[in-house]
Amino acid sequence: MDYKNCINLKKAMVTGGAGFIGSHLVHALTDLDCHVVVIDNLSTGHMENLSHIKKNITFIKGNICDKDLILKESKNCDAIFHQAAVVSVPLSVKDPVNSAMVNIMGTLNILDAARQNSIKSVVLASSSAVYGNIKKLPAEESSPISLLSPYAVQKYTGELNAKNFSDLFGINTICLRYFNVYGPRQDPGSPYSGVISLFIKKATEKKQPAIFGDGNQLRDFIFVKDVVKANILAAGSAKSNIFNIGLGNYISINKLWKEISHISKFYADPEYKEERAGDIKKSWSNIKKAGKQINYIPDFSFNEGLKLTYNWYMENKKSAL
Ligand code: UD1
């Protein structure tokens, strides 16, 4: 892939590098001849996600809250890509303390290691969850913040700490507000997994999916390879910033199930369940700022990405589903 505006990365740290987004990023970075230090506690990540690229990576099973470890392992890195997190909104509602430990303190620890090791740029995975149910869509980076879940609070705290570290210590911190990321290797193994992975799993098992609420909630789904591109472009950003990383388009959860039914040729009425606490009604990104400032333009349409994802699950049925 051609990453214009990209800095020359000789060594980088990827936290959560054995996970869904992280492992795609690690692959892309090693393709750019960057040596990658992967930090992952394997709580949700899998070593198989990195099985093809044992060369050019240093894998460390460890916790992002471990101060000494992060400080030691991030030495001489040109950038840190911080992907490790407890990513589920409902899980943050169920256990706000544990998710805060990881999402707030873990992120702070990464920023502090970057400060001590004078690392040029830190790219943080933030979330579109910080917009909550805003009135004016699509969401722009300057749109009002409305924090509906502990997860949203935690991700926003990460952004505030990033800004503070940037102002105080001069590190480049680039926060990427991910919209709903999907693609190969997203693990459907838990009820808190991403909806596309769960729906594909249901379709292959020929089982009814669950839809929380009326299914009219809208999501802006973005293919994982586009998110990887955004991360690498962001590392080359000349100054600290916040960017929306979505497709700039949306689909309802009802329509999503119809699309997956169509691809899988399995048609079933969903089972409608109570709306999830903290769930956002409409999520839709304006991605002009990232387009202008870091040259981020998604390569994959939703249909293309969904087909690639479905095909991947079919080919990797035994291990993935
Ligand atoms: C997702 C991400 C979160 C990210 C945020 C950005 C995951 C697991 N979560 O949260 O990290 O920051 O997007 O906007 O990737 N749903 C169903 N049936 C299901 C599962 C989900 O109807 O079986 C619905 C949910 O109620 C929700 C939508 O589908 O309305 C998306 O849910 P989910 O994939 O869990 O993602 P978000 O909560 O949007």
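This passage walks through a predicted model, from the surroundings of its ligand to two of its helices and a few backbone details.

The ligand makes a natural starting point. Around the ligand there are 23 residues, and those that come nearest are Val87, Ser127, Ser128, Val195 and Asp279. By character, this shell divides into 13 nonpolar residues, seven polar ones and three charged ones. Two elements that each supply at least two residues of the shell are helix α6 (195–205) and strand β8 (210–212).

Three polar pairings with oxygen of the ligand can be described one by one. At valine 87 the partner is a backbone N or O atom, which lies 2.7 Å from a ligand oxygen. Tyrosine 151 takes part through its side chain, with an N or O atom placed 2.9 Å from an oxygen atom of the ligand. Asparagine 180 likewise uses a side-chain N or O atom, here 3.0 Å from a ligand oxygen. Taken alone, the ligand would expose 730 Å², and the protein buries 92% of that area.

Tyrosine 151 also leads into helix α5, where it is one of the buried residues. This helix runs through residues 150–169. Its 20 residues reach 28 Å from the first C-alpha to the last, close to the 28 Å expected at 1.5 Å a residue. Besides Tyr151, the buried residues of α5 include Ala152, Gln154, Lys155, Gly158, Glu159, Asn161, Ala162, Phe165 and Ser166. The cover over the buried residues of α5 includes helices α3 (89–94) and α4, together with strands β5, β6 (172–178) and β11 (241–245). As a reminder for reading such lists, an α-helix has 3.6 residues a turn, so residues three or four places apart point the same way. Just after α5, glycine 170 adopts a positive phi of about 75°.

Helix α8 can be described along similar lines. It spans residues 253–264, and its 12 residues reach 16 Å from first C-alpha to last, close to the expected 16 Å. Ile253, Asn254, Leu256, Trp257, Glu259, Ile260, Ser261 and Ser264 are its buried residues. Just beyond α8, lysine 265 has a positive phi of about 60°.

Helix α1 (residues 20–31) contributes a single residue to this account, threonine 30. Threonine 30 counts as buried because its relative accessibility is 9%, below the 20% cut-off. Apart from its neighbours within four places in sequence, threonine 30 is in contact with Val36, Ile53, Asn56 and Ile57.

The loops hold some backbone details worth a look. Most residues other than glycine have a negative phi, and most peptide bonds are trans. Asparagine 76 nevertheless has a positive phi of about 65°; asparagine 76 sits in the loop between α2 (67–73) and β4 (79–82). With a relative accessible area of 66%, asparagine 76 is exposed. Serine 118, also not a glycine, takes a positive phi of about 50° and is found in the loop between α4 (96–116) and β5. Serine 118 is exposed as well, its relative accessible area being 61%. Finally, the peptide bond from leucine 137 to proline 138 is cis, with omega near 0°. Proline 138 belongs to the loop that connects β5 (121–127) with α5.

Conventions. Residues are numbered from 1 along each chain as its sequence is written. This is a predicted model: local features need pLDDT of at least 70, side-chain atom pairs count only at pLDDT 80 or more; totals for chains, interfaces and linings use all residues. Side-chain values use heavy atoms; hydrogens and water are left out. A residue is near a molecule or strand if one of its heavy atoms lies within 4 Å of it. A polar contact is a pair of N or O atoms within 3.5 Å; within protein, one must be able to donate a hydrogen and the other to accept it, and residues adjacent in sequence count only if both atoms are side-chain atoms. Accessible areas come from the Shrake-Rupley method with a 1.4 Å probe; for residues, only the protein chains shown count as cover. Helices (H or I, at least four residues) and strands (E, at least two) are DSSP runs, numbered from the N terminus. Ala, Val, Leu, Ile, Met, Phe, Trp, Tyr, Cys and Pro count as nonpolar, Asp, Glu, Lys and Arg as charged, and the others, Gly among them, as polar. The expected span of a helix is 1.5 Å times one less than its number of residues. Buried means under 20% relative accessible area, exposed over 50%, partly exposed in between (1.4 Å probe, protein chains only). Contact means heavy atoms within 4.5 Å.
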